Structure formats: structure tokens, C-alpha cells
Amino acid sequence: MLDERDAAGPGRSWTADVPDGTTPIRAAGGVVWRPADDPGPTAVGPDARHDGVLVCLVHRPRYGDWSLPKGKLEPDEHPLLAAVREVAEETDVRAVPQMRLPSVRYRSEGRPKVVDYWSMRAVADGGFQPGTEVDEVRWLDVDEAVRLVSYPHDAEVLAAFAALPAVTGTIALVRHGHAGKRGTWSGPDTGRPLDARGWAQAQALAPLVALVRPARLLSASARRCVQTLDPAAALLGLPIEVSGDLDEPRPGQQPDECALAVAARLAELATSGEQVGVCSQGKVIPAALERLSGRAGDFATPKGGGWLLAFAGDRLLAADRL
């Protein structure tokens, strides 16, 4: 199942979807999961489903309800950053986002509200302490969670999660930031650096790349690609590995050949058992994602943009715009 998002991505405005034109409240959260004591099919491979896992629900004393962890976006906050932050704040669980789940729309206090959800694997637990906002956290199998949640839309999101193949690999794939115009740079194109706008884009990408908790950062060999990962490398304390097989076509190289090489490299990284952050170039990212997905799609990637890629083995399950 490949989840293609439009060019505006998850941060796009929803105003046009609201009949009365009222700007909706924006919120984000997650279906946070971890293996049960007996993981069962979860450990089998790329065709496994989300059986043998436990998901996290929270109880809010103000409303007396059981629901998925979620919360409102802060001003100008990216929805995916908000989703991971809210999960941590409400449950004390640190989680790695994997796949986009259905968004939910309803009215809250007389206003339209849109909540974006992602599936997330729990990777660390800080130790939950009851508070005034959330006073209890429960880990349940999906069927139990569906029966306990207070709202039908939460049950629908859980059902969508349960129907997905288990994710075995996650990659944050980004395109380098803005680097001026090629015609104004007198040196070799591979040496063209980021400009001020590009550095701002690199800074904005860093926390998004960090969300997948990468163990490695890999960059195409162009200087602007390496520089785009510099803020993420500083944030994570990781080196940047330069990899020429992530480059756009060289003179005389066929574009299809290059796209196949990039697709193969991404698939290889996805099966490594580690989360990875990758920076490549605009002439190869769309074609590589088409190869991985097995079908044509709108994979055009603006400078400073990117994708959250979820894999089952070497098979691309979903591509969600960052």
C-alpha cells in the first residue's frame, strides 16, 4: 500500500475542506506500538501484520475518555513533529514514526478539528507519571483497544493500523536545499554550496530527519547534499557518509540506470535493520521512488523537501511527504 500525499504534504491547509470556511484546529498523534511478550507474526518478515503487538491508549480525566495519544500543533509546527512530541508528553514514550494513517475530522467546541495520525514504534519509555491531562496509560492488543476507545474515529484509525503490513525499515529521504543558480557558479557543479535559503531549509529538515532516530546519515557526493545533512549530523552527533551511488546522472550516464542504482541503495539500507537518513538529488529521487513503488506517481521533490519512507523488507510500503 503506497500512500501518496499531494505536494503540500501533511502541513497543507484544510480550510477548503470546511464548508463554513472556519480555520480548523490542527492536532496530531499516533498509534504507538511495541511487541507483546510473544511477538508472534511480527517477527516473521515483510508479509507479517500487526498481530502480536500492543498499542497505547491514554485516559483523560477531564473528559473521562480513552483515546489515542494526540494534541494540538504549536504555531508553525510540522504535524509529524507535533505527533511525536505529543506522544512523548502524554505517555512518556519515545517513538519512531513509520506510516501515515487516516486523518480524522470532527467538531470540537464548535470548531472543525483535523487530527493527523502516524503509526509509531515505541523505542524508549521514560516512566509514565499520572497528571491532570492524562492519568492512566494502557498497553492493549488491538482488539482490546478497539473495544475500549471512546470514539468511533479512534477505532477506525486502529483498524487501519491493524490492516497494514508490519514495517521493518524506515528512511528519512531528503533533497538538498537551495543552492543558488547553476549558471552563477564558476566552479564544478558538485562544489556548489547551499545559499542562505538552503541553510534555512537544512536547519528545518534536521529535526524531521532526527525523528526516525537514524543510526547512519548518508549523502550524495555533491557539496550541497552533504551540507544539507550538516545540521542533522550536529543534532544527532553522527558522521555523514558520502555515497556516490546516491548521485544524479553523470554526463553520459543513462537516467534509468542511475534511478535503479539509487532505488537499489535505498532498498539495501531499508533491510539493514537500522533507521537511516539520506540526502540525494532532484533528478533521481522521483524516478527511484517510482521504481521502489512499482508505479508512476507524483514524487517530484522540491529543494529542501523530503519523504518518510516505510519498508517491509526491501518493499516500499508508504511514502509520506515531509
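Mentor: Two strands count as paired if DSSP finds at least two bridges between them, where strands (E, at least two residues) and helices (H or I, at least four residues) are DSSP runs numbered from the N terminus. The model is predicted, so local features need pLDDT of at least 70 and side-chain atom pairs pLDDT 80 or more, while totals for chains, interfaces and linings use all residues. Residues are numbered from 1 along each chain as its sequence is written, and side-chain values use heavy atoms, without hydrogens and water.

Trainee: Which residue of S2 stands opposite Pro35?

Mentor: Strand S1 (residues 25-35) is joined to strand S2 (residues 53-60) by three bridges, and the two run antiparallel. Within S2, the residue opposite Pro35 is Val53.

Trainee: How many bridges join S1 to S6?

Mentor: S1 also pairs with strand S4 (residues 70-72), in the antiparallel sense and over three bridges, with Ala27 opposite Lys72. With strand S6 (residues 111-125) the direction is parallel, and Arg26 has Val114 as its bridge partner there. The number of bridges between S1 and S6 is nine.

Trainee: Is S1 largely enclosed or largely open, and how many of its 11 residues are buried?

Mentor: Buried means under 20% relative accessible area, with exposed over 50% and partly exposed in between (1.4 Å probe, protein chains only). S1 is largely enclosed by the rest of the structure because its buried residues, out of 11, number nine.

Trainee: Which helix gives the most residues to the largest nonpolar core?

Mentor: A nonpolar core is a set of buried Ala, Val, Leu, Ile, Met, Phe, Trp, Tyr and Cys residues joined through side-chain atoms within 4.5 Å, and the largest one here has 59 residues, with Ile171, Val278 and Leu309 making the most contacts inside it. Seven residues of this core come from one helix, residues 255-270, which is H6.

Trainee: Which residue of strand S13 has a side chain with a polar atom 2.8 Å from the backbone oxygen of Asp298?

Mentor: The residue sought is found in S13, which spans residues 315-321, and has a relative accessible area of 4%, so it is buried. A polar atom of the same side chain also lies 2.8 Å from the backbone oxygen of Ala300, and both distances fall within the 3.5 Å limit for a polar contact, a pair of N or O atoms of which, within protein, one must be able to donate a hydrogen and the other to accept it (residues adjacent in sequence count only if both atoms are side-chain atoms). The residue is Arg321.
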